[in-house]
Amino acid sequence: MQLDLQMVTSALDGLAEDISMRLGQEQALTDQGMLKELEGLRKTLETAAPDLIGAYYGYLQIKERYDQLLARVGWAKRRFWKIFLLQVGVLVVLLALALGYEWGQWQHLWTPVSTGSGEAIAWIWWGSVGATLSALHVLYYHRLQGTLSDSMDAWLAAKQLSGGVLGLLSGIVLQVTAYGATGDWHTQGVLSYLFAFLAGFSERRFLTYLQKRVGQLTQGAEQKNG
């Protein structure tokens with residue numbers, strides 16, 4: 001193919017215009033330095049001895065990267081809606097279970113569970129709800145940043161389970177803390193539900209808190225025994 005200055009310049013300008021237009025339309029799309037590279041190639045054509053082959057070769061490389069980026073963004077968008085709707089469905093199921101449980105208790109369709117067991121179920125439920133809302137938040141964030149990937153699948157698949165476990169664990173920790181402070185168990189209260197919700201919503205912060213709390217309890221026990 002015979003290259004000329006006008007053809008290479010037009011190709012560079014057209015690609016730069018397309019990238020700029022897409023950047024304004026798609027939040028998840030970033031130019032990743034491509035516009036600056038195109039600008040640099042454009043300047044090489046304004047010299048006394050323009051390197052047409054080098055500029056066109058650079059154009060082809062940038063265009064290939066740009067096409068790959070568009071493909072990834074399109075894939076992420078399709079994947080986002082599939083997983084997002086699945087998580088919304090899980091949230092609806094959790095809300096339906098809660099309403100069904102309350103309605104069944106009100107209608108006396110079954111014998112109410114013991115207070116302790118009821119609180120444990122509530123902690124698990126609140127932890128799962130927190131985990132589901134966290135998953136929705138993370139999905140939306142990664143969609144905007146264009147960083148949605150297959151590596152999140154395992155995390156999302158186990159999110160409600162881990163949230164329920166951490167919700168239950170948070171309730172137990174709160175009971176142990178209350179017992180250590182007052183000598184009595186406090187199994188009811190909005191605070192325990194909020195704690196379970198936050199444990200499911202932010203696993204990392206709760207585990208950090210748990211590690212710190214366990215260290216404090218261990219240190220206190222060693223001081224008493226010493």
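Begin by selecting Lys 159 and Glu 203 in this predicted model, for Lys 159 is buried and Glu 203 is buried as well. Draw the distance between their charged groups, and you will find a salt bridge in which the closest N and O atoms are 3.1 Å apart. Colouring by secondary structure shows that Lys 159 belongs to helix α6 (residues 159–182) and Glu 203 to helix α8, so this pair ties together parts of the protein that lie 44 residues apart in sequence.

Keep that pair displayed and add the surroundings, since Lys 159 and Glu 203 are both among the residues that line the second largest pocket. To complete the lining, select Ser 134, Trp 155, Phe 201, Ser 202, Arg 204 and Arg 205 along with them. The pocket has a volume of about 200 Å³, and its lining, sorted by class, holds 2 nonpolar, 2 polar and 4 charged residues. Helix α8 (residues 203–225) gives the most to this lining, with 3 residues.

Staying in helix α6, move next to Gly 164, which counts as buried because its relative accessibility is 5% and the cut-off for that class is under 20%. Which residues does Gly 164 touch once its neighbours within four places in sequence are left aside? The contacts are Ile 124, Gly 127 and Ser 128. Measure from C-alpha to C-alpha between Gly 164 and Ser 128, and the viewer should give 4.6 Å for two residues that are 36 positions apart in sequence.

Zoom out now to place these details in the whole chain. The protein has 8 helices and 0 strands, so that a ribbon view read from the N terminus runs α-α-α-α-α-α-α-α. Of its 226 residues, 32% count as buried, and the protein exposes about 14,300 Å², of which carbon and sulfur atoms supply 62%. If the contacts with a separation of 6 or more are taken together, residues 24 or more positions apart account for 75% of them.

From the overview, go to helix α3 (residues 52–106) and select Leu 52. Not counting residues up to four places away in sequence, Leu 52 touches Leu 3, Asp 4, Leu 5, Val 8 and Leu 45. A further distance to draw is the one to Leu 41, which lies 11 residues from Leu 52 along the chain, with 9.5 Å between the two C-alpha atoms.

Further along helix α3 comes Ile 62, a buried residue with a relative accessible area of 2%. Its contacts, again leaving aside neighbours within four places in sequence, are Leu 15, Met 34, Glu 37, Leu 38 and Leu 41. Of these, Leu 15 is worth a distance line, as the C-alpha atoms of Ile 62 and Leu 15 are separated by 8.8 Å while the residues themselves are 47 positions apart along the chain.

Glu 37, one of the contacts of Ile 62, leads to the next stop. Show its side chain together with that of Arg 65, and the two meet in a salt bridge with an N to O distance of 2.9 Å. Since Glu 37 lies in helix α2 (residues 34–44) and Arg 65 in helix α3, the pair ties together parts that are 28 residues apart in sequence. Glu 37 counts as partly exposed at 34% relative accessibility, and Arg 65 is also partly exposed, with a relative accessible area of 32%.

Remain on helix α2 and select Lys 43 and Glu 39, which both lie in that helix, 4 residues apart or about one turn. They form a salt bridge whose closest N and O atoms are 3.8 Å apart, and Glu 39 counts as partly exposed at 47% relative accessibility. How many salt bridges does the model contain in total? The count comes to 6.

For a last stop, turn to helix α1 (residues 5–25) and select Arg 22, which is partly exposed with a relative accessible area of 33%. A line drawn from its C-alpha to that of Leu 70 spans 9.4 Å, although the two residues are 48 positions apart in sequence.

How values were computed: Residues are numbered from 1 along each chain as its sequence is written. This is a predicted model: local features need pLDDT of at least 70, side-chain atom pairs count only at pLDDT 80 or more; totals for chains, interfaces and linings use all residues. Side-chain values use heavy atoms; hydrogens and water are left out. On a 1 Å grid over the protein atoms alone, a cavity is a set of points where a 1.4 Å probe fits but cannot get out, and a pocket is an open set with protein on both sides within 12 Å along at least five of seven lines; lining residues have an atom within 4 Å of a point. Grid points are joined across faces, edges and corners, and a volume is the space filled by probe spheres set on the points. Helices (H or I, at least four residues) and strands (E, at least two) are DSSP runs, numbered from the N terminus. Ala, Val, Leu, Ile, Met, Phe, Trp, Tyr, Cys and Pro count as nonpolar, Asp, Glu, Lys and Arg as charged, and the others, Gly among them, as polar. Buried means under 20% relative accessible area, exposed over 50%, partly exposed in between (1.4 Å probe, protein chains only). Contact means heavy atoms within 4.5 Å. Accessible areas come from the Shrake-Rupley method with a 1.4 Å probe; for residues, only the protein chains shown count as cover. A salt bridge is a side-chain nitrogen of Lys or Arg within 4 Å of a carboxyl oxygen of Asp or Glu.
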